[in-house]
Amino acid sequence: MATDDPKAPATADDGLGPIVSAAHLADGALPALSEVEFGLNLVGHAFDRWMIRCMTAAGEPGLTATEVNVLHSVTHRGRAKRLADICLVLGIEDTHLATYAIKKLEARGLVSREKSGKERLISVTARGEAACRRYKDLRERLLVAGAQDLGISPEAMSSVARLMRVLSGHYDQAARTAASL
């Protein structure tokens with residue numbers, strides 16, 4: 001159903017077809033998956049920019065999106081974390097990326113590392129907690145309010161999140177298969 005509203009999303013019936021970044025990938029059995037992939041790409045980059053700029057506004061400039069994610073993960077539930085658990089939760093395959101992020105966060109006084117047996121546990125510092133609190137406050141003011149104005153129910157958002165987690169499993173399985181070819 002076509003619409004004259006310029007803000008309305010494009011649909012297959014409006015003559016534009018699926019909105020994708022690679023038409024050759026959409027020319028197959030499931031063009032909608034290419035639309036999802038393009039959306040994920042846009043959302044991923046926008047989310048990275050958001051995290052970096054929000055943390056900068058929260059008083060911690062110069063962090064990458066990975067470093068911000070690691071800081072939030074270490075802060076989660078106020079318990080020390082193992083490197084392997086941080087990588088697992090965040091889907092970081094290359095532990096060197098997480099190790100580098102942790103070293104940078106530690107140098108800035110946002111996290112600390114302590115030895116526990118053969119492992120090192122990573123904990124958030126008071127400075128790191130304060131940065132995460134400022135980030136949360138900014139997120140509430142700048143992002144949450146606007147997201148609520150979209151009129152999308154929390155249940156619908158949770159449904160999208162579930163779909164994204166399920167799709168991530170399919171992409172991981174396809175990646176494992178592709179690596180074995």
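Helices α3 (65–75) and α5 (95–107) pack with their axes 9 Å apart and at an angle of about 75 degrees; helices are DSSP runs of H or I of at least four residues, strands are runs of E of at least two, and both are numbered from the N terminus. Axes are lines fitted to C-alpha atoms, for helices over the stretch in contact, and angles between N-to-C directions run from 0 to 180 degrees. The pair α3 and α5 is therefore roughly perpendicular, the classes being roughly parallel under 35 degrees, roughly antiparallel over 145, roughly perpendicular from 65 to 115 and oblique for the rest. On the α3 side the contact (heavy atoms within 4.5 Å) is made by Thr 66, Glu 67, Val 70 and Leu 71, and on the α5 side by Tyr 100, Ala 101, Ile 102, Lys 104 and Leu 105. These residues divide into six nonpolar, one polar and two charged, where Ala, Val, Leu, Ile, Met, Phe, Trp, Tyr, Cys and Pro count as nonpolar, Asp, Glu, Lys and Arg as charged, and the others, Gly among them, as polar.

The model is predicted, with local features requiring pLDDT of at least 70 and side-chain atom pairs counted only at pLDDT 80 or more, while totals for chains, interfaces and linings use all residues. Residues are numbered from 1 along each chain as its sequence is written, and side-chain values use heavy atoms, with hydrogens and water left out.

Helix α3 also packs against α2 (31–57), the two axes coming within 8 Å and crossing at roughly 70 degrees. Helices α2 and α3 are therefore roughly perpendicular to each other. Asp 48, Met 51, Ile 52 and Met 55 of α2 meet Ala 65, Val 68, Asn 69, Leu 71 and His 72 of α3, a contact with six nonpolar, two polar and one charged residues.

Within α3, the buried residues (under 20% relative accessible area, with exposed over 50% and partly exposed in between, for a 1.4 Å probe and protein chains only) include Val 70, Leu 71 and Val 74. Ser 73, also in α3, has a relative accessibility of 11% and therefore counts as buried. Residues up to four places away in sequence not being counted, Ser 73 touches Lys 81, Ile 86 and Leu 90. Just after α3, Arg 77 takes a positive phi of about 65 degrees. Arg 77 lies in the loop between α3 and β1 (81–82) and is exposed, with a relative accessible area of 60%. Most residues other than glycine have a negative phi.

The axes of α4 (83–90) and α5 come within 10 Å and cross at roughly 115 degrees, and the two helices are therefore roughly perpendicular. Leu 83, Ile 86 and Cys 87 in α4 meet Thr 95, Ala 98, Thr 99 and Ile 102 in α5. By class, this contact has five nonpolar, two polar and no charged residues.

The largest nonpolar core, a set of buried Ala, Val, Leu, Ile, Met, Phe, Trp, Tyr and Cys residues joined through side-chain atoms within 4.5 Å, has 26 residues. Those with the most contacts inside this core are Met 55, Val 70, Leu 71, Val 74, Leu 105, Val 111 and Tyr 135. Two or more residues each come from α2, α3, α4, α5, β3 (119–124) and α6 (126–149), and α3 gives the most, with five. Outside four places in sequence, the contacts of Val 111 include Leu 71, Val 74, Ile 102, Leu 105 and Ile 122.
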